[in-house]
Structure formats: structure tokens, C-alpha cells
Amino acid sequence: DSHDICFISDGDTRGWLTQRLGEQPGEIVDEGSGEVVGEHRGAYGFTVGQRRGLGLDRSDLDGQPRYVTRVEAASNRVFIGTSDLLGTDEIEADHVRWCGPAASGRHRLGAQIRAHGEEIPATAEVVPDAAADGGLRLVVRLDEAVRGAAPGQSIVLYDGTRVVGSGTIARAGRAARTNVIGTSTSPTSSNCESVGAPSPALRASSVELTPPSTLFSIGTMTPS
């Protein structure tokens with residue numbers, strides 16, 4: 001649903017998938033307590049940030065609205081929580097493409113996770129992926145938390161009006177905030193290069209950098 005499935009004319013994504021995949025019952029788990037609070041008929045029918053259609057009685061959950069905070073396809077579990085658990089300020093991405101040679105280290109950039117979403121100041125860091133031999137992953141730490149960041153969505157990085165790179169969100173969560181000062185190696189050409197491989201869990205801690213005077217000298221791509 002995060003990819004705007006335009007070929008489902010009536011907008012009933014859950015119904016369309018159920019017809020093709022069949023019902024796949026699983027647990028609905030409260031993120032705060034860890035308790036199983038309900039059952040769903042297919043994790044494929046839920047998306048992060050969803051509030052309606054959970055099939056739960058609010059009176060059994062302290063009366064507060066619940067939202068989908070994450071979906072675990074492997075275990076067929078849907079996690080829900082209160083609105084304060086929806087914020088994401090750390091994103092891990094795979095299938096990364098840079099407009100120029102693959103970057104290394106940390107960079108102060110702008111990050112955008114929706115086609116019409118606000119660009120948010122962020123620190124992007126390229127780190128080794130211990131689960132992939134010689135692989136790399138991208139961790140983006142946002143200065144402000146955003147709602148609704150979900151695996152499968154794209155995250156695009158900007159230096160001013162220039163597109164620096166992009167990746168596919170593999171994991172989104174909250175980071176422990178710390179301050180680190182560092183430098184980085186920046187890409188300098190206009191050809192996009194694919195780096196990295198799908199990666200497992202989000203493990204890096206948050207950092208903030210002093211913005212250098214010039215981060216990139218690349219490409220001519222501008223946001224649409």
C-alpha cells in the first residue's frame with residue numbers, strides 16, 4: 001500500500017490480496033505490553049500508521065487509539081501501539097544507489113521519505129554490514145521524528161537541490177541520541193552507482209555532525 005497500488009481500482013487492497021493469497025490468521029501484539037490483543041486474517045492487509053480496520057475494542061486497550069507500528073511478515077504478526085510510538089528517527093536502507101562513486105563515512109544531508117513529504121535534515125552514514133560479506137548498508141538519522149516510515153518505501157537524500165542518492169527502507173525505528181563529530185569521503189561524479197545489499201536489523205546509534213562548507217559536487221538532478 002505504501003507504493004500506491006493504482007491497478008486496484010476499488011482501493012480495497014486487503015480484499016484484492018485476500019482473494020489471491022487466502023486468509024492467513026496471525027497475532028496482533030500490543031507494542032507497549034507485548035501482549036497478544038487480537039487476531040488478524042493476513043499481515044499483508046496492514047501498513048504502518050494504519051488506525052482503522054484493526055478489529056479491536058478500544059475499551060480493552062485503556063480507551064486509547066492504536067496504530068500499526070510495524071508488520072513482521074516472517075512471523076505473520078502485526079504490532080500496534082499508541083501514537084507516541086509511531087515516530088521514526090533512524091532508518092536503515094538497502095539497495096542503495098549513489099549519484100556518483102559510492103560514498104563512505106558520514107554526511108549531513110536532507111532526507112525525504114514520501115513523494116510530497118517534507119525534506120528533513122539528517123545524518124547519513126555508510127557502514128559495513130556484518131551479515132553480508134563485504135557488503136554495506138546505509139543508516140539515516142533524522143533530526144526530527146517522522147510518522148509512517150515503513151519497509152519498502154524509498155528514502156531519497158539531497159544536498160540542496162541535488163539528488164545525492166536513494167535506498168529502499170529495510171528497517172525504521174527510534175535511535176538513542178548521542179553526539180559525534182566526524183568526516184567523510186564524498187562522491188564527485190554524476191553517474192549513479194549501486195552499492196550494498198539487503199541488511200538485517202537496525203543496530204547503529206545516532207550521531208550529529210558539524211556541517212562542512214561543501215559536501216558534494218555532483219550531478220545535475222533536481223527534485224521533481
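A polar contact is a pair of N or O atoms within 3.5 Å; within a protein, one of the two must be able to donate a hydrogen and the other to accept it. Keep that in your pocket for Exercise 2. One more thing before we start: this is a predicted model.

**Exercise 1. Getting your bearings**

Task: How many helices and strands does the protein have, and in what order do they come?

Solution:
- Start with the count: there is one helix, and there are twelve strands.
- Now walk from the N terminus: the order is α-β-β-β-β-β-β-β-β-β-β-β-β.
- Next, look at burial: of the 224 residues, 41% are buried.
- Finally, check the contacts between residues at least 6 apart in sequence: 65% of them join residues at least 24 apart.

**Exercise 2. Glu90 and its partner**

Task: Is Glu90 buried or exposed, and which side chain does its own side chain make a polar contact with?

Solution:
- Find Glu90 first: it sits in strand β5.
- The cut-off for buried is under 20% relative accessible area. Glu90 has 2%, so it counts as buried.
- Now use the definition from the top. The side chain of Glu90 makes a polar contact with the side chain of Arg141, at 3.2 Å.

**Exercise 3. Strand β7 and its neighbours**

Task: Which strands are joined to β7 by bridges, and how many bridges are there in each case?

Solution:
- Take β6 (residues 104-112) first: seven bridges join it to β7, and the two run antiparallel. For one example, start at Arg108 and you'll find its bridge partner in β7, Thr123.
- Then take β8 (residues 136-147): seven bridges join β7 to it, again antiparallel. Here, Pro128 has Leu136 of β8 as its bridge partner.
- Last, see how covered β7 (residues 120-128) is: seven of its nine residues are buried.

**Exercise 4. Two nonpolar cores**

Task: Which residues of the largest nonpolar core touch the most other members?

Solution:
- The core has 21 residues, and the ones to pick out are Trp98, Leu138, Val140, Leu142, Ile155 and Leu157.
- Where do the core residues come from? β5 (87-99), β6, β7, β8, β9 (154-159) and β10 (162-173) each supply at least two.
- Zoom in on Val140. Skipping neighbours within four places in sequence, its contacts include Glu90, Ala111, Ala122, Ile155 and Leu157.
- There is another core apart from this one, with eight residues, including Phe46, Leu54, Leu61 and Ile80.
- A general idea to go with this: in soluble globular proteins, nonpolar side chains tend to be buried together.

**Exercise 5. Ile80 and Gln64**

Task: Which of these two is buried, and which is partly exposed?

Solution:
- Ile80 lies in strand β4 (residues 77-81). Its relative accessible area is 0%, so Ile80 is buried.
- Leaving out neighbours within four places in sequence, Ile80 is in contact with several residues, among them Ile28, Val37, Leu54, Leu61 and Val68.
- Ile80 and Gly32 are 48 residues apart in sequence, yet their C-alpha atoms are 8.3 Å apart in space.
- Gln64 lies in the loop between β2 and β3. With a relative accessible area of 43%, Gln64 is partly exposed.
- Not counting residues up to four places away in sequence, Gln64 touches Arg58 and Thr82.

**Exercise 6. The open sheet**

Task: Which strands stand at the edges of the four-stranded open sheet?

Solution:
- Write down the order: β2-β1-β4-β3, with mixed pairing.
- The edge strands are β2 (36-40) and β3 (67-72). Each has a single partner strand, so one side of each has no neighbour in the sheet.
- Neighbouring strands here are turned by 30° against each other on average, direction ignored.
- Try one pair: four bridges join β1 (residues 26-30) to β2, and they run antiparallel. Val29, for instance, has Val36 in β2 as its bridge partner.

**Exercise 7. How far to trust it**

Task: Which element has the lowest mean pLDDT, and which the highest?

Solution:
- Begin with the whole protein: the mean pLDDT is 75, and 73% of residues reach 70 or more.
- Among the elements, β11 (residues 184-185) is lowest with a mean of 40, and β9 is highest with 94.
- Over residues 177-224 the pLDDT is below 50, though beyond near neighbours in sequence this stretch has 138 contacts in the model.
- The rule to apply: where pLDDT is low, the predicted coordinates should not be read in detail.

Methods: Residues numbered from 1 in each chain as written. Predicted model: local features only at pLDDT ≥ 70, side-chain atom pairs only at ≥ 80, totals over all residues. Heavy atoms only, no water. Buried < 20%, exposed > 50% of the residue type's maximum accessible area, 1.4 Å probe, protein only. Pairing = 2+ DSSP bridges. Core = buried A, V, L, I, M, F, W, Y, C linked by side-chain atoms within 4.5 Å. Contact = heavy atoms within 4.5 Å. Axes fitted to C-alpha atoms, helices over the stretch in contact; angles between N-to-C directions. pLDDT = per-residue confidence, 0-100.
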